[in-house]
Amino acid sequence: MKKTGTVIGALLFMLLFISGCTKAIPAEEAANILIDTMIYDQQTEAFQTNFANSEELTEIFVEQRTLFEENFTQGILQTGEAVDEQLAMEISEMVMQQMRETTSYKIKNITETKPIYHVTYEIQGFNLLQLFKESLTELLVRIQNDNELVKDEKTLIATTVAIMQEKIPTIEANDTSTEVTLQLKVNRGKWEIVNGQDEALSSLYLAFFSGMRSQEELTNAMTEALSEIEVPSMGEPTN
């Protein structure tokens, strides 16, 4: 009986030893799985299997998406008037779907300075700026044809939302790419994102949804685009 217990103990030790020596998947494969899960909602099982802090990272991904949904509609509409929550969700979901269908990425390079792997992604993100320009141009044309639109903010918002719903399916990815670098490391046979990567994760997410690296860069680009918009002459307004 004592010998049997010894054998069982030895087997358990071997199992623990083997599990502790699990080899991590290659860095490039891990880097692809991370983006496929974070942005495209794919390879989620592989992500859970190969990333040590998968639950924590999933929460971060959800937070980033929620932040985008909360800020996107108000930012595009440039209004203090409350937008219907359901409508805002529908608009942001349309953008997310179009983003997933049109954007792409590749891993430009991976460099190692042990124990850190520096993964540089090259991202062709959704052309959010083009959506902004086309929607605003169309809105200004409609206002020029009917000045009554500006007299009621709710009507103005409804018109803008309708224009965006028309425009979103026509917007493609940016022609130019955006580079973002993320740091990964191996922890007991599984990958994890190095601590202190909040800014890099935010940049990564924003790069896919706007082709920009930061909110400041996006705001500046929108301000510049606003100054460049020209409305074609449509004759005298109706009111």
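Let's start with helix α2. It covers residues 27–38. In this predicted model, helix α2 lies across four strands: β1, β2, β3 and β4. Its direction is at about 135° to β1.

Now look for helix α8, residues 198–210. Helix α8 also lies across β1, β2, β3 and β4. Here the angle is given against β3, and the helix runs at about 135° to that strand.

So much for the helices. On to the strands.

What is the order of the strands in the sheet? Read it as β1-β2-β3-β4. The sheet is open, it has 4 strands, and the pairing is antiparallel. A quick reminder for the first-years: strands of a sheet pair through backbone hydrogen bonds, either parallel or antiparallel.

Which strands sit at the edges? They are β1, residues 104–113, and β4, residues 190–193. Each of these pairs on one side only. From one strand to the next, the twist averages 35°.

Let's walk along the sheet, pair by pair. Begin with β1 and β2. Strand β2 spans residues 116–124. β1 and β2 pair in the antiparallel sense, over 9 bridges. Together they form a hairpin, with 2 residues between them. Find T113 on your screen. Opposite T113 stands I116, in β2.

Then go to the other end, β3 and β4. Strand β3 takes in residues 178–187. How many bridges join β3 to β4? There are 4, and the two strands run antiparallel. For one bridge you can locate yourself, pick L184. Its bridge partner in β4 is I193.

That's the tour. Please rotate the model and trace the strands in order: β1-β2-β3-β4.

Methods: Residues are numbered from 1 along each chain as its sequence is written. This is a predicted model: local features need pLDDT of at least 70, side-chain atom pairs count only at pLDDT 80 or more; totals for chains, interfaces and linings use all residues. Side-chain values use heavy atoms; hydrogens and water are left out. Two strands pair if DSSP finds at least two bridges between them. Axes are lines fitted to C-alpha atoms, for helices over the stretch in contact, and angles run from 0 to 180 degrees between N-to-C directions. Contact means heavy atoms within 4.5 Å.
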